[in-house]
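User: I'm new to this one and would like a close look at a single part: the nonpolar core and what sits around it. Could you walk me through it?

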Amino acid sequence: MNVADDQQFETSRRDLAAGILKQAALDLRRFHGATSAVEREFYLDAHRWVTSDDYSWPFSFLNVCQTLNLAPETIRGDVLGDLSLGTFGYWTRRCGRAARKFKTALGNSFTNERTANAAESVT
């Protein structure tokens, strides 16, 4: 394998890991109050996966977090904490996160612009 193949492999691996984590979070929310046996099993599978401390298989929760450079306890807190919020609380929390990320990105763009302008005026 060459460098391009290695990079494509790592990108695919990260994309798959992100998809697995997203699906588990979705299953936990969607099937939290499930009454049918099949839906309950989806919920329990996702819950067991998130709470497991297993490193033995490539896409275990801990290995997925490591692949994505995420702190497992933080992600567990976020994913499992969202379950007690209900729909309104979940969306309120999610919009708050998006607003904070937007504020940070906006602040960074102004900082980068000021830095570029300062560098131009020095030269």
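Analyst: Among contacts between residues at least 6 apart in sequence, 41% join residues at least 24 apart. Keep in mind that this is a predicted model. The chain has five helices and zero strands, so to speak an α-α-α-α-α pattern when you read along the sequence. Of its 123 residues, 22% count as buried.

Now for the core itself. The largest nonpolar core is made of 18 residues, and those with the most contacts inside it are Leu-21, Leu-28, Trp-49, Val-50, Phe-61, Val-64 and Ile-75. At least two residues of this core come from each of helix H1 (3-30), helix H2 (37-51), helix H3 (61-67) and helix H4 (72-81). The biggest giver is H1, with five residues. As a bit of background, nonpolar side chains in soluble globular proteins tend to be buried together.

Val-64 is a handy place to start. Setting aside neighbours within four places in sequence, Val-64 is in contact with Ala-17, Leu-21, Trp-49 and Phe-59. Follow that last partner and you land in the loop between H2 and H3, where Phe-59 lies. Again leaving out residues up to four places away in sequence, Phe-59 touches Arg-13, Leu-16, Ala-17, Ile-20, Trp-49 and Val-64. Take Arg-13 from that list: Phe-59 and Arg-13 are 46 residues apart in sequence, yet their C-alpha atoms are 9.4 Å apart in space.

Next, look at Asn-63, which lies in helix H3. Is this polar residue buried or exposed? Asn-63 counts as buried because its relative accessibility is 12%, and the cut-off for buried is under 20%. Its side chain reaches the backbone oxygen of Tyr-55 at 3.1 Å. Beyond residues up to four places away in sequence, Asn-63 touches Tyr-55, Trp-57 and Pro-58.

Helix H1 has a buried residue of its own to look at: Asp-27 lies in H1. Asp-27 is buried yet has no salt bridge, and the nearest side chain of opposite charge, Arg-30, is 4.5 Å away. A salt bridge would need a nitrogen within 4 Å of a carboxyl oxygen. Not counting residues up to four places away in sequence, the residues that Asp-27 touches are His-32, Phe-42, Tyr-43 and Ala-46.

Then there's H4, where Ile-75, Arg-76 and Val-79 are buried. Looking down the axis of H4, you'd find its buried residues within an arc of 100 degrees, so they line one face of the helix. The general rule behind this kind of pattern is that an α-helix has 3.6 residues a turn, so residues three or four places apart point the same way. What covers the buried residues of H4 includes H1, H2 and H3.

One last stop, on the way from H3 to H4. Asn-69 is in the loop between H3 and H4. Asn-69 has a positive phi of about 55 degrees although it is not a glycine. With a relative accessible area of 71%, Asn-69 is exposed, whereas Asn-63 is buried.

Conventions: Residues are numbered from 1 along each chain as its sequence is written. This is a predicted model: local features need pLDDT of at least 70, side-chain atom pairs count only at pLDDT 80 or more; totals for chains, interfaces and linings use all residues. Side-chain values use heavy atoms; hydrogens and water are left out. A nonpolar core is a set of buried Ala, Val, Leu, Ile, Met, Phe, Trp, Tyr and Cys residues joined through side-chain atoms within 4.5 Å. Buried means under 20% relative accessible area, exposed over 50%, partly exposed in between (1.4 Å probe, protein chains only). Helices (H or I, at least four residues) and strands (E, at least two) are DSSP runs, numbered from the N terminus. Contact means heavy atoms within 4.5 Å. A polar contact is a pair of N or O atoms within 3.5 Å; within protein, one must be able to donate a hydrogen and the other to accept it, and residues adjacent in sequence count only if both atoms are side-chain atoms. Lys and Arg count as positive and Asp and Glu as negative; His and the chain ends are not counted. The arc is that of the directions from the helix axis to the C-beta atoms.
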